[in-house]
Every structure is written in structure tokens, then in C-alpha cells.
Amino acid sequence: MPEGDVVWLTARRLREALKGRVLTRSDFRVPRYATADLRGRTVLDAVPRGKHLLVRVEGGLTVHTHLKMEGRWQIRRAGPPPRDHRVRLVLANAEWQAVGYSLGVVELLRTDEEGLAVGHLGPDLLDPAWGPEMAAESVARLAEEPERAIGEALLDQTRVAGIGNVYKAEVLFLRGVNPWTAVGNVPDISALVRLAHRLLEANKERHGHITTGELGRGREHWVYGRAGRPCRRCGTRIERAEQDERATFWCPHCQPVGARPAA
């Protein structure tokens, strides 16, 4: 699934193309909403919530989508709608059209019932209101399951919203925490949350997830996607294994079980 920064950037592009403009086409290519018609309604906003996207339109309605593993939105100039079996939704105005490909979730909700779709989520790392209170709530939610592996807990969007597999691996490496360490044994969960917030904030306005500070191809990450290659810090072979049905990457030397993060 996409990381929270990808969803944030997608929402911004949807907002730039649709907000304040009247819809001239709404083409829901999913059976449940095949007859839904939003033409003539003004788009009020497009906002991210964790890994969910909410497009709010006039009349108290919200189009809720989730990219899941393969979904994406493409913004293009207004014109004939694409004839592609992967398209699940088209929202267009006189100038632009937003085309949703392979969207994992497409549904139409009442705006006052958005909580049915996103109310279960933990604090959003890219929420404009992010601050000490939301950070503390994220830490408290993670701490509710002290026996759970931290690598699994960070991906649980009900604990904290926005972290995907890339940031999970990179944050744990940078804090020197093994992915299989129990949450209750992590020395400073708040530091993990703060770091995740900083990394997503730093990357939200560009493509790619840069955690090393280097933009060169193949040098963006510390451990993610680098199984079998030497650790950038110590030279130890980076390991890869499945954790909760997701690939996990770590350095056995920099992230030993029970290790405390470096000062």
C-alpha cells in the first residue's frame, strides 16, 4: 500500500484540479455506484486521512477512495473519458479530469458519515493539526498492545495512520530497533513516532521516500529493498523476512534484538 506522503500528495493534486469547480462528469465504474451522478455539484475539497482519500462535494456527499496496493489517480486535461478496464472512477470539470485506476475502495458517503470509513484510524502523521497531543495519543495507542512486535504495530493504521512498509523499515533502522522487538520493550516509542512524522513531512511534496538524505538512484534508503547488500553504516548484510505477511528489512548488527537506540 502507498505511504501516507503519497496519499497526501495525491490529495493535493486532486484539490488543485477539482476544488471550487463544477463537475461535468462523474463516472463510477463499480457496480454498487454505477448509477450515481454528481454532475452539477461543486467540489468543496479533497483531503487525505491516513491512506484514505476524501473528495467532498456540494450537497453533503463525499467520495471515499483507497489506493490499496495498485491504485493511483491521474490528473489530465478535460477530454474524452479513458476506455481502460482498470479505471474505477472519473471526476471531471470543464478544465480537468481526475481518473482513478485500480482503486481498492470506491464508495459514496454522506459527508457527516465519513467516520464510518475513517473513524477507526489513529492520529494522522500528516494532519495539519499534528502536535504533542496527537503524538501522545499515537504512543498511547501503540502501547496498548505491549506484546506485539513493533514492526507489526507501526503498520496498524488504528494505532497511527500513514506509516507504510518503507517508513516502518527505515524508522526502525534509524532508531536501532529490531522489527521483532515487543512494543513494551522499545525504549522510546515517542521517538519512533516523532521520527516517522519528520520523515513523512520531509517527503510529502515529492515523489519517492528519501530517508538517507541522498537523492541518487539506489541511495534513497538505509535498509528497505536492500536485502543481501551491505549496511550503509556497518557493512553487515541486510536481512529480509516476512512479518505479518509483509517483507521486512533490517540490519542484524545495527538492530539486534533488545538493543537500545544509539544516542
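Me: Across the interface of domain 1 and domain 2, how many residue pairs are in polar contact?

Reply: This is a predicted model, and a pair is counted here if both residues have pLDDT 80 or more. A polar contact also needs N or O atoms within 3.5 Å. For the interface of domain 1 and domain 2, that gives six residue pairs.

Me: Which element gives the most to the side of domain 1 that touches domain 2?

Reply: Domain 1 puts ten residues into the contact, and domain 2 puts in 14. On the domain 1 side, seven residues come from one helix, spanning residues 4–18. That's helix α1.

Me: And how many residues on that side of domain 1 are charged?

Reply: Sort the residues of domain 1 that touch domain 2 by type, and three are nonpolar while two are polar. The charged ones number five.

Me: Which residues form the salt bridge, and how far apart are the closest N and O atoms?

Reply: The rule finds one salt bridge across the interface of domain 1 and domain 2. The cut-off is 4 Å from a Lys or Arg side-chain nitrogen to a carboxyl oxygen of Asp or Glu. Arg 12 and Glu 205 pair up, with their closest N and O atoms at 3.2 Å.

Me: What area is buried between domain 1 and domain 2, and which three residues supply 53% of what domain 1 buries?

Reply: Between the two domains, about 890 Å² is buried, with carbon and sulfur atoms giving 57% of that. On the domain 1 side, no other three residues supply more than the trio behind that 53%: Asp 5, Trp 8 and Lys 51.

Notes
Residues are numbered from 1 along each chain as its sequence is written. This is a predicted model: local features need pLDDT of at least 70, side-chain atom pairs count only at pLDDT 80 or more; totals for chains, interfaces and linings use all residues. Side-chain values use heavy atoms; hydrogens and water are left out. Contact means heavy atoms within 4.5 Å. Buried area is the accessible area (1.4 Å probe) that two parts lose on being put together, summed over both. A polar contact is a pair of N or O atoms within 3.5 Å; within protein, one must be able to donate a hydrogen and the other to accept it, and residues adjacent in sequence count only if both atoms are side-chain atoms. Helices (H or I, at least four residues) and strands (E, at least two) are DSSP runs, numbered from the N terminus. Ala, Val, Leu, Ile, Met, Phe, Trp, Tyr, Cys and Pro count as nonpolar, Asp, Glu, Lys and Arg as charged, and the others, Gly among them, as polar.
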